[in-house]
Amino acid sequence: MKNRDRKIGCVVTGAAGFVGSHLAERLLSENYRVIGVDNFFSGRKENLTALWKHPDFSFHERSVTEAGLLGDLKAQYPDLECCFHLAAIVSVPYSVDHPETTMEVNCQAAVNLLGEADHLGFGAFVFAGSSAEYGGEQRLPLKEEYATEHTRHLSAYGRSKYLASREVAERRCGVALRCFNIYGPRQDPTSPYSGVISRFVALALQQQPLTIFGDGLQTRDFIYVSDVVEAYLRAASLCGKATGGGKNPYNIGMGKSTTILELAETINGLVENHAGLAICPERPGDIRFSEASVDAFHKVAGWEPRVSLLEGLRKTIAWARASQEASSQP
Ligand code: UD1
């Protein structure tokens, strides 16, 4: 996806979300036109603050379940050639309670958009898959080929992402990225299902104990949002090339795991929170260990994570501090 000789337009669905807003900002900084789409089901208007004033940014409050969405946008923006499809039902517990809606939004809408993108001759369709596609898989590190038709998915969320990723990977213009635990500025800490880092940082800044669910020895593979955004751009460049196939979908993670206890202690140290830890009951249905194998995407796209956990935590804490101070201003 080269943008040197003329402007290329990209649709970012889920542009008001945590990752989508970072991706939109990066694309604008690389001189792309960005058409943001979001229905604010979980996206937030505040995430668009830096985007509104950019002359190459347009926004459409629409749902990805609307038929003909990409065709309508292409009619308005003839330079559209690429779609980053990040909009989804992102809450796993919600997906358990609403499996049909989840399938419709996360899988059927993705497949429809993909078909439209293909029909319109788009050069790239990059899809936000998830580590949840591996379900209860125990072999580590998790390799792309471990997610199969026989995988025991733990939620409609995991199943819907798996089915959609598989369709995307089979299409000429498609690449699917299975992102592990993404963290960074703008991740919302307020829901009970918010990512652990956003919760721990918020608690630590309030000098409250960090809530450890279970023994804290469970592990996750945490990846900083700017590394994920870089992966999206590289994935778009791969689309349509022979190498876009192969092991597509691709894992996006650090390729390293960290225990929740280690994470909590590091955050308390960085914030100088002396309230310590609160040991709470284990979360039902929690996966015990998670770690991505990241060789495949490195091989085809030369991508590797650049932001260490320590550096990413420092940046996330600095952002959370600044937004806390801004919200306490009269
Ligand atoms: C993510 C989903 C989760 C889903 C799973 C399936 C998010 C935010 N969560 O969970 O809903 O079931 O993928 O793949 O996307 N933890 C604490 N204290 C806290 C918060 C979390 O100890 O205050 C622990 C959790 O028990 C878990 C780990 O931290 O073991 C990571 O939690 P989380 O950030 O929710 O991510 P996943 O468990 O990977």
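In this predicted model, Glu-272 sits in the loop that runs between helix α9 and strand β13 (277-280). Glu-272 isn't a glycine, yet its phi is positive, at about 60°. Is Glu-272 buried or exposed? With a relative accessible area of 56%, Glu-272 is exposed, because anything over 50% gets that label.

Phe-40 makes a handy partner for Glu-272 here. Phe-40 is another residue that isn't a glycine but has a positive phi, about 60°. Its home is the loop between β2 (33-37) and α2 (49-52). Phe-40 has a relative accessibility of 17%, so it counts as buried, the cut-off being under 20%. A positive phi also turns up right after helix α7, where Gln-207 has a value near 55°. As for unusual peptide bonds, the one joining Leu-140 and Pro-141 is cis, with omega at about -10°. Pro-141 belongs to the loop between β5 (124-130) and α6 (156-170).

Back to α9, and on to how helices pack. Helix α9 covers residues 260-271 and packs with helix α11, residues 309-328, at an angle of about 55°. The two axes are 11 Å apart. What does that angle make the pair? An angle of about 55° falls between the ranges for roughly parallel (under 35 degrees) and roughly perpendicular (65 to 115), so α9 and α11 are oblique to each other. Their crossing is right-handed. On the α9 side, the contact is made by Leu-263, Thr-266, Ile-267, Leu-270 and Val-271. The α11 side brings in Leu-309, Leu-310, Leu-313, Arg-314, Ile-317 and Arg-321. Sorted by type, the residues of this contact come out as 8 nonpolar, 1 polar and 2 charged.

A second pair of helices, α3 (residues 69-76) and α5 (residues 99-119), crosses at roughly 40°, and their axes come within 8 Å. This pair is therefore oblique too. Here Leu-69, Leu-70 and Gly-71 of α3 meet Leu-113, Glu-116 and Ala-117 of α5. The residues of this contact split into 4 nonpolar, 1 polar and 1 charged.

Helix α7 (residues 196-205) is a good place to look at burial. How many of the 10 residues of α7 are buried? The count is 7, so the helix is largely enclosed by the rest of the structure. The buried residues are Ile-197, Ser-198, Phe-200, Val-201, Leu-203, Ala-204 and Leu-205. And what do these buried residues pack against? Their partners are the strands β7 (181-183), β8 (210-213) and β10 (222-224), along with the helices α9 and α11. That ties α7 to the α9 and α11 pair described above.

Two valines show what single residues get up to. Val-19 is part of helix α1 (residues 18-29), and its relative accessibility of 13% makes it buried. Leaving out residues up to four places away in sequence, Val-19 touches Leu-86, Ile-182, Val-225, Val-228, Val-229 and Tyr-232. One of these, Ile-182, falls in β7 (181-183), a strand that the buried residues of α7 pack against. Lys-7, by contrast, is 12 residues from Val-19 along the chain, with 23 Å between the C-alpha atoms.

The other valine, Val-90, lies in the loop between β4 (80-85) and α4 (92-97). Val-90 and Phe-41 are 49 residues apart in sequence, while their C-alpha atoms are 9.8 Å apart in space. Setting aside neighbours within four places in sequence, Val-90 is in contact with Ser-42 and Tyr-157.

Last come the cysteines. How many disulfides does a search of the whole structure find? The answer is 0. For Cys-107, the nearest cysteine sulfur belongs to Cys-83 and is 15 Å away. Cys-107 is buried, with a relative accessible area of 10%. Why is Cys-179 not bonded to Cys-239? The sulfur of Cys-239 is the closest one to that of Cys-179, but it is 14 Å away, which is too far because a disulfide needs the two sulfur atoms within 2.5 Å. Cys-179 is also buried, at 5% relative accessibility.

Notes: Residues are numbered from 1 along each chain as its sequence is written. This is a predicted model: local features need pLDDT of at least 70, side-chain atom pairs count only at pLDDT 80 or more; totals for chains, interfaces and linings use all residues. Side-chain values use heavy atoms; hydrogens and water are left out. Axes are lines fitted to C-alpha atoms, for helices over the stretch in contact, and angles run from 0 to 180 degrees between N-to-C directions. Helices (H or I, at least four residues) and strands (E, at least two) are DSSP runs, numbered from the N terminus. Angles under 35 degrees count as roughly parallel, over 145 as roughly antiparallel, 65 to 115 as roughly perpendicular and the rest as oblique. A crossing is left-handed if the near helix is turned anticlockwise from the far one by less than a right angle, and right-handed if clockwise. Contact means heavy atoms within 4.5 Å. Ala, Val, Leu, Ile, Met, Phe, Trp, Tyr, Cys and Pro count as nonpolar, Asp, Glu, Lys and Arg as charged, and the others, Gly among them, as polar. Buried means under 20% relative accessible area, exposed over 50%, partly exposed in between (1.4 Å probe, protein chains only).
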